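Me: Could you walk me through how a few labels on this model were earned? I'd like each one set against its cut-off.

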Amino acid sequence: MRQRFPNTFRSPALEISVTFPLSTSLAAQGIETTATIHPNLNSEELTAAALERGEGRRAKHGPLVVETGKHTGRSAKDKFIVRNAETEDTVWWDNNASMKPEHFAALKKDFLKALGDRSELFVADLFGGSQPEYRVKVRVINELAWHNQFIRTLLVRPTEAELEGFVPEYTIIDLPAFHADPDRHGTRGETVIAVNLEEKLILIGGTKYAGEMKKSVFGILNYLLPPKGVMPMHCSANIGPDGKSAVFFGLSGTGKTTLSADASRTLIGDDEHGWSDTAVFNFEGGCYAKMIRLDPEAEPEIFATTRMEGTVLENVVMDEDGEIDLEDNSLAENTRGAYPLSSIPNTSEDNMGPPPSNVIMLTADAFGVLPPIARLTPDQAMYHFLSGYTAKVAGTEIGVTEPEATFSTCFGAPFMPRHPSVYGNLLKKRIAEGGAQCWLVNTGWTGGKYGVGRRMPIKATRALLNAALDGSLGDAQFRKDPNFGFEVPIAVPGVDSQILDPRSTWADGEEYDRTAHKLVQLFVDNFEPFAAHVDQGVRDAAPAAA
Ligand SMILES: Nc1ncnc2c1ncn2[C@@H]1O[C@H](COP(=O)(O)OP(=O)(O)O)[C@@H](O)[C@H]1O
Ligand SMILES: C=C(OP(=O)(O)O)C(=O)O
Ligand SMILES: [Mn+2]
């Protein structure tokens, strides 16, 4: 039986038939421009505007196909948080690059001048977040029509009633054609994502990769929600036939979107959620899926969106007949598709679900050491959440050309402005309250490390996940992993038992042991800085260095 929630957040605004005037003018925000303003256009109008302006081409079955030039992934090293009274003591500066207020002031002045010079601008008033008491009003100002379509697809679209009297709390100005000047703006180069949490203003310039906008809103929510007792999460989420929800943490490209799209489960969202006292709620109103080598058998729901109007395909190769080729990575390895939740058949109508009964942590293990699934105690869950061991998947960040083993705390370090212990303690509290069962799932390599072994078959991952989520995995026999101490099932119906014992999938068991000991040492070394922030139970959950 499909889980039904009151239809209070699904907005028809994606289908608004006319442009909707801005309740708060740009001038009221101190933005002087003679540009023609296109306010709150819907997808259809924005696609038409993008095609008219030659920003992209239409694929045979409807999607808008665009290219983003040299930036086909996030420019992680060009993102800055302004260091000021608001952020000095609240931001985790070991992990977030800082910008001086005077550099931001110069950058803002130059952005406002650039806005003044534009002949037209596309402006969308949107929500970041679905649960009314926690959502943030965000205004996005774009020079590209397709960027405006992207962000209204990815964020939550207000109803027409909610647009009445809409006063933006945060404003994003997104100018891909703007080139930052390192001397004047304190940037590394001409690309910049500058976040001012005091002025509530985000300036994005010098990149056409649309993911920067969506991740900027994610960063705002990751900063604002912890003081309200809400845990922000880099995860996807869905609801099973039993009405129980699950969240899937994972760094970029590890499987959040893929694994949360499952015909037998109701999708909530694919990337960013909050865990409040009463619900797990989506921060977004759409999905942003990797499209490279998409297998229509393994991922039918996502594949169907590549044949729909309202989808934006980023860096997907298309021939002159409008036929797309998802196998072709000549433009980018990180090809993407952005589509509204309404494009997926079975989604939660109010973008929310009950607090999670299962917490899945997805790790793309490039060493091929970790089992395809492991059951975690709450202390082991905290340990792995703070460790965030995974691989940066090729293409998701500028400069990452093949899987790189990495430790990305909270499975989303690039998006976490506060210290990891803030998020870790919220997770600990939520798990203790609701008794969620936690799992570690390796969607990376098996049969050897990256380059020797093979990628974990999606079919095996889905079978193991479904067994975990429907509870049947609880009846399996488990063994204790000799290196990491967590429990691993010995046999699961429908899954090749050998894959459950990684060592047996390697040609040389002793080579496996050596690699496993190396990985354990990497875990131990990485966890050092967290040890003081956690209790003894979590420290005891660590793997024993060889
Ligand atoms: N076992 C697996 N589980 C999940 N995804 C897998 C697996 N094997 C390969 N993949 C691929 O990894 C990528 C995961 O991308 P995606 O789900 O968009 O990640 P995220 O949403 O975490 O950024 C997809 O291209 C998917 O086809
Ligand atoms: C779009 C992104 O998110 P994800 O890959 O986690 O879907 C990203 O990391 O740029
Ligand atoms: Mn994703």
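Reply: Happily; we take the helix pair and then the two ligands. This is a predicted model, where local features need pLDDT of at least 70, side-chain atom pairs count only at pLDDT 80 or more, and totals for chains, interfaces and linings use all residues. Residues are numbered from 1 along each chain as its sequence is written, ligands are numbered from 1 in the order in which they are written, and side-chain values use heavy atoms, leaving out hydrogens and water.

Me: Why are H1 and H3 called roughly antiparallel?

Reply: The axes of H1 (residues 43–52) and H3 (residues 145–154) cross at roughly 155 degrees. Angles under 35 degrees count as roughly parallel, over 145 as roughly antiparallel, 65 to 115 as roughly perpendicular and the rest as oblique, so H1 and H3 are roughly antiparallel.

Me: What makes Ser43, Leu46, Thr47, Ala49 and Ala50 in H1 residues that meet H3?

Reply: Contact means heavy atoms within 4.5 Å. On that basis these H1 residues meet Ala145, Trp146, Asn148, Gln149, Arg152 and Thr153 in H3. By class, this contact has 5 nonpolar, 5 polar and 1 charged residues.

Me: How do you know that Lys256 makes a polar contact with ligand 1?

Reply: A polar contact is a pair of N or O atoms within 3.5 Å. A polar side-chain atom of Lys256 lies 2.7 Å from an oxygen atom of ligand 1, so this pair qualifies.

Me: What makes His234 a polar contact of ligand 2?

Reply: A polar side-chain atom of His234 lies 3.1 Å from an oxygen atom of ligand 2, so the pair is within the 3.5 Å limit.

How values were computed:
Axes fitted to C-alpha atoms, helices over the stretch in contact; angles between N-to-C directions. Helix = DSSP H or I, 4+ residues; strand = E, 2+ residues; numbered from the N terminus. Nonpolar A, V, L, I, M, F, W, Y, C, P; charged D, E, K, R; others polar. Polar contact = N/O pair within 3.5 Å; in protein donor to acceptor, adjacent residues only side chain to side chain.
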